[in-house]
Amino acid sequence: MTQRARELRQAFIRYFEEHGHQAVPSSSLIPQADPTLLFTNAGMNQFKRVFLGQETRSYHRAVSSQKCLRAGGKHNDLENVGYTRRHHTFFEMLGNFSFGDYFKEDAIRFGWEFLTKSVGLDKSRLWITVFREDDDAEELWKKVGIAPSRIIRCGEKDNFWQMADTGPCGPCSEIHFDQGRAVPGSDRPNGEGDRVIEIWNLVFMQFNRDASGTLHPLPKPSIDTGMGLERLAAVAQGVHSNYDSDLFLPLLSAIAARAGREYGKQEQTDRSMRVVADHLRAITFLMTDGILPSNEGRGYVLRRILRRAARHGRLLGIIEPFLHDLTGTVVQQMGDAYPEVRNAAPTVAEATKGEEERFIATLDQGLPILSELIAKTRSAGGTILPGADVFKLYDTYGFPMDLITEASREQGMTVDEAGFDAAIEEQRTRARKTSGFEQEIARPAVADLAKRVGATTFVGYDQLESDSIVQAILKGDRLVKEAHEGDEVEVVLDVTPFYAEGGGQVGDQGVLVGAEGRLDIKETTRPVATVILHKGTVTTGRIREGEQLHLSVNRTTRQDAARNHTATHLVHAALRDLLGPHVKQFGSLVAPNRLRFDFAHFRPLSSRDIDEIETVVNGEIRRNETVRSEVMSIQDAVAKGALAFFGDKYGDEVRVVTVESFSKELCGGTHCRHTGEIGLFRIVSETGVAAGVRRIEAQTGSGAMAMMKKLETEVRELSELLKVGPSELVAKTRKVMAQLKDKERELEELKLKMASGSGVSATARTIAGVPVHVQRTDGLDMNGMRALADQLRDKLKTGVVALGAAMEDGKVSLLVVVTKDLTGKIKAGDLIKVMAAEVGGTGGGRPEMAQAGGKDSSKLDASLEKVFGLVEHALQR
């Protein structure tokens, strides 16, 4: 009998291969055939287009072990993980599929034979459910040897499957396993408890449901089955919880060792360990498939999973980052079945650690406030945390709402969600008013115009000139019949070659020329989907509604923008090749004179990374690859490998821009016809713009050439200044910098010597046996002040040192040092706050050392004089 999960997975694939099935590798957790789906949540996802008749394969039978995730969207098991024996975020679904080949008889025979012969499950403990009207399925189960008393008919809720409200559907038959009396629950399928659990679902796709709900027989009925490996492993290994199978025990052991606990001893601790174990698998596989923590879409789900695991780690007593270490256990356990996790292991560990560190900072701020809020509510006799208070914790400290809810539940409390929602909506309303967003989107003249005129036809992909009829003229928010010289207007045309700003690319510039006048266009926008506005100034004569104009796009700015846009696609592809599939475009700016590309990544790029990206992009430019564009359905585009991202809005048809085999993206912008037209690519800078988001700014073509010329000029000027050739410039600069550093050190030592000399004005008193040294140190920076304070402290052995320096800009620096033996009574931070207030500043620090800055140097002496009284007061307490 096969027992171990790895052997069960292999046995399943091998069994169906022996019965004519093609073994198909697992697809990504990011659905490639359906960008509207949050995550791959079933084995059939990658075959959806085959079942719908939109795609054909070279085989008619398939078998797979599919990576799946249910955490977000319609299928969301996140909140149940840890609290039950069988819920997971990440899991593996074993499935066999028939695309119009075999049907019920073979599907039932295969299922029965694999479970009873290959796995060796006890036949007497198996139950079967069938759809109430499916006589065929019941007879076929009897034929393979199931007793009629073990077959139960059920309704649509349990035994009828459909892909959507319309489309392929059909009855299904489920195989259930009785775990025995040791497990609480009903002794029949679909009852209370977990005693009898479903292990395999066989779906018989034999109908097509139309819009009216009528079922029509499919010409080629198909089979779709799904069985969770985690549940099969538990059943095959004779354990009553998926977490007691060999898929989870190594992880649980590693977690227990890290926490200094033992699994199976205390339910609350066990629950947290189950949460961490489950979530570690999800974290590892999500990052492997290119998802990074963020505040939107799939990245937000990953962030919730990771932070939930981190919080449960803290409940186990682990306060430092630890998840990143334990992802290695997942890699070790799953790397044979899914080699991609091995390749991504360093990225997974590094990205996980970064997110853990950010979350620990959030927890350190938020947990004490949440605990205080729970205690306050409980002392008032309540069990519901006020929504306004919860919102403050969420908004001010970034504490996640789902963790607030879960932490409250653990303390027997609930959250006033209605109050929380009301506070969020109030904040959004304020933000809209403050930003002027409401005014921006509520431009009645444009909305009315869109209803009055037809859609503008864009022809600018293929031509830069056209003739067009003026549909409307807007002067401000007022429609006018004509515009005269000097008027700034927005014009709507029936046809235009002018590209409207969108997808990060700025709008075209150019001229509109009529029989009586000329309009210079500086900006082209699309405020609503159907209308393109051409904004500019009438430079001569007049233009009138209804007249024909000749339109000419500025070729130079269009071509420069096209170079930069094609370059962003090359940069995106190069980044994904170099850094991994987690790289995703977060935004871009494509202008004629520059490009900016924001992307998901968890650390700054090294100089070597930047060199590599430039080398790869310039290599594609030199190859002069053809840039092609095609219009197709979103499904076809994604099936052909075009990058599409969950949450982005796509129409029924999309434009796909392809650079040979190097890049394929959905894009509505304008591009070069060959990569060689870009000429040259140079990165200007690489910076961070937000947590997990990096930005590259670059130049192409003449801009890149001008940048290189400028650098050459600067190198030449530096060479002349330092009186060496360009090849010796680096060595000479290092030498000069070393000499400068030596001189700066000598200067600081001289300043320190002068500040500590006998002629320096300092005041020293002894207060209640405690030496207090107060001194002005004008001219010393904070580093020098710290060095002097260390000298004075070592000289005093016990006491207080207070230093203050007036700077050339009128600002003040303050420093207080207290020897460790006195910090029980005198705290440097307490002294510095009062001193800083005197000079109009703020400060803080540790009990033994604190520093501050101020704005009013005229009050410095008074600030320093306060120290004596403050020390005396502290000693009297």
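This passage describes a three-stranded sheet with the helix lying across it, a pair of packed helices, and the surroundings of two buried residues in a predicted model.

In the sheet, which is open and contains three strands, the order is β24-β25-β26, and the pairing is antiparallel. The edges are occupied by β24 (627-633) and β26 (663-666), each of which has a single partner strand, so that one side of each is left without a neighbour in the sheet. From one strand to the next, the twist averages 25 degrees. Strand β25, formed by residues 653-659, is joined to β26 by four bridges, the two strands running antiparallel; V656 has L666, in β26, as its bridge partner. Helix α18, comprising residues 555-579, lies across β24, β25 and β26, and its direction makes an angle of about 115 degrees with β26.

A further packing arrangement involves helix α9 (residues 297-315) and helix α14 (residues 401-410), whose axes are 10 Å apart and which pack at an angle of about 35 degrees. The crossing of these two helices, α9 and α14, is right-handed. On the α9 side, the contact is made by R304, R307, R308, R311, H312 and L315, which meet D402, L403, E406, A407 and E410 of α14. Classified by residue type, this contact between α9 and α14 comprises seven charged, three nonpolar and one polar residues.

Two individual residues located in helices were also examined. T327 belongs to helix α10, which spans residues 323-334, and it counts as buried because its relative accessibility is 2%, where the cut-off for burial is under 20%. When residues up to four places away in sequence are not counted, T327 touches L280, T284, V348, A349 and T352.

A836 lies in helix α24, which spans residues 828-838, and this residue likewise counts as buried, because its relative accessibility is 0%. With residues up to four places away in sequence again left out, the residues that A836 touches are L814, G841, T842, G843 and A852. A separation of 9.7 Å is found between the C-alpha atoms of A836 and L864, two residues that are 28 residues apart along the chain.

Methods. Residues numbered from 1 in each chain as written. Predicted model: local features only at pLDDT ≥ 70, side-chain atom pairs only at ≥ 80, totals over all residues. Heavy atoms only, no water. Buried < 20%, exposed > 50% of the residue type's maximum accessible area, 1.4 Å probe, protein only. Contact = heavy atoms within 4.5 Å. Axes fitted to C-alpha atoms, helices over the stretch in contact; angles between N-to-C directions. Left-handed = near helix turned anticlockwise from the far one by under 90°. Nonpolar A, V, L, I, M, F, W, Y, C, P; charged D, E, K, R; others polar. Pairing = 2+ DSSP bridges.
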